[in-house]
Amino acid sequence: MVQKYIFYEKNRKNYAKFAGMKAKLFVIGFFLLALAACNRSGDTPVETRHGTSLSIPAVSTELSAIDSLMWQQPDSAFALLQQFAASPEAGNLDTYNGHYCQLLISELLYKNDYAQSNRPALRQAVAYFDSLTFTLNETPTLKSLIAGADPLSLTRNDRITFLTARAHYINGVGYYERDSLVEACKEYLKVLEVMENHFEKKDLVGTKAKFMAYTYNRLGDMFEDQYMMESAIDCYKHSLHYAGISPVSLYSISNALYRIGKQYNMKGDKDSANYYYSQALANMPDSTNAYYRDIACTQALLSYQLTHQAETALKCLNRLAVLAEDNNERLARYVVIGDIFFEEKNYDSALVYLEPVLENKENRFLQMKVANYLRVIYDSLGNQEKHDDCMHYLAMHNETGAENSALVSQLSNLYKMYMSQKQEKEARTKREVAVKKTLHVVIPIAVALALAIIVVAKLRSKHLLKNQREEANRELGEKEQQHQLELEVRDKQHAETIEAERQAHRMEQAAISGRLKRKNEEVRELKGQIKRQDELDTTPKQAESFTDEPVCRLILERVQEGRFKAQMDCELYKDAALDKEQVIALRDAADRHLDYFTMRLKKAYPDLTNSDLDYCCLYLLGLSDADVSALMQKAYPTVSQRSRKIKAILGGDSSLPTILRAIANNDL
């Protein structure tokens, strides 16, 4: 099976390999910040709901802003944190914000692919936030329990609880970077315990949902590495659930579906694996990314395993290898191609694809898999020297079965313990709900019985008073008749008075209506005069140049205000998008001012499509690919590919805007 190495992930382990000197400079700055944070100012005492004094100062405005930005743009948040580290405010952080700052440092190092360099300070932050969470959830007062309040909700503080969970998560990342998988697993399970014990399911939305998806993904990856397929499937399905609530990225849902499919494939359930692969591809927003190619590659291999049609699978895999963005991805494709040739016993072709992988020094898992294949091939070909080299490599790098078994056992026990506690809590919650439902039934019945008793007593009382009331009614009958006659006379007089008032009101309304008609005729006459005056000057004014046209000024203003970035999703700039009428107006302006620019361009270069001509009008304004991506709401790689295509058709060594301006001015 080769499902373990298909999905190409850049942010799993060994982050220090990619940091370099740049990361060292960042780390120095962060340590200076950590030293400055030692200068603590006094904390502001806060009182919990049941009267316990607790010192929790207000959150630093700067740190809060960096935290909010981190969930959308971690690279920008990283830059802001460096600026903050050099500011005077960084030297005056109190205890709470000092630990909060260290947590942000660790998170941003991780999100920007740097190794965790402030680990001692992070460990202190974990202990600090743990202590706050314990204090905030201490035993409530007897009075509050008598009142029927939920002990866990009496002093809950969502912000501190979320920070506590994040601290444990990033602490787990630190353990993982140091290959302490058991400790990392404990931290990730602690995250789930903190979040699920504190927040209700309906509260796990937005950033919290993304965070839960991150955590379940980390656990799933860890279990997948140890071939714990059932546990990995459970975690990835939870990740899929939270990704559906608040997607981590454009590819998060497809990623979760793909990972679930891989686990079923490893279990030998090919039909389920194929279903999840198909769902992953169906949920992909585009087919030009490495994620799409990874899934397509895996499905091609699965198709071969089900049908044994090597030619079809190899055709697809070779196409994917050509589209690879870097050498690591290309080598991953080579492993799958070599695997098929190996299964077909076409050893000469298998060597062509497998030997380059063994020479690669970055992915040990790929090398281990390939070494096993090459060992068999060299033995079959009688190349004893290379066969011995493969055996030596496997002996040097392969973990012992006992070590791996012990690790799997520990991880499995931890997850089973977590699931057991979770199920006990869910069962307890269900019992509490059942009791409440029972009370909702019993209490109304008791109330109904009490009401029935009261009603019977009242009926008896009414029976005793019935005769007295009948006598009183007879005495009141005559008085009632006399009173009725008086009321009839009074009502008649009142009706006559109202009729007189209505007649007077109708006369007044008629007079007002006449005056309004005359005023309306005067207004209509004035409007007619204004309309006739406006019709005297209807000649539109034409702009002096192409760039002075209103649509051009609008586009340039949006570009100036938006400062669009290539690495950002174009959907973030929906407010800046051009509609169909504005694109048509832009082309019309170019034709009017530049001697039928698009017509000349189409005639000179017939390979250009109508859509290409629209893009040419935008580049004529000197826009970049990032600007065009935001305005046209197309992915940046798509726009970049189109600009290269247009330039190839037009020819020339200058930039695309320069070439187009030369054509517009009839210089070419």
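## Two positive phi values in a predicted model

At 46% relative accessibility, Tyr227 is classed as partly exposed, because that value lies between the 20% limit for buried residues and the 50% limit for exposed ones. The model described here is a predicted one.

Tyr227 sits in the loop that links helix H9 (206-225) to helix H10 (229-245). Its phi is positive, at about 60°, although Tyr227 is not a glycine. Most residues other than glycine have a negative phi.

Gln633 also has a positive phi, near 55°, and is a residue other than glycine. Gln633 belongs to the loop between helix H24 (625-632) and helix H25 (636-650). With a relative accessibility of 22%, Gln633 counts as partly exposed, because buried would require a value under 20%.

The table sets out the two residues.

| Residue | Phi | Loop between | Relative accessibility |
|---|---|---|---|
| Tyr227 | about 60° | helix H9 (206-225) and helix H10 (229-245) | 46%, partly exposed |
| Gln633 | near 55° | helix H24 (625-632) and helix H25 (636-650) | 22%, partly exposed |

The protein as a whole gives the setting for these loops. Its secondary structure consists of 26 helices and two strands. The protein has 668 residues, of which 41% are buried. Among contacts with a separation of 6 or more, 66% join residues 24 or more positions apart. The exposed area of the protein is about 38100 Å², and carbon and sulfur atoms supply 54% of that area.

Note on methods
Residues are numbered from 1 along each chain as its sequence is written. This is a predicted model: local features need pLDDT of at least 70, side-chain atom pairs count only at pLDDT 80 or more; totals for chains, interfaces and linings use all residues. Side-chain values use heavy atoms; hydrogens and water are left out. Helices (H or I, at least four residues) and strands (E, at least two) are DSSP runs, numbered from the N terminus. Buried means under 20% relative accessible area, exposed over 50%, partly exposed in between (1.4 Å probe, protein chains only). Contact means heavy atoms within 4.5 Å. Accessible areas come from the Shrake-Rupley method with a 1.4 Å probe; for residues, only the protein chains shown count as cover.
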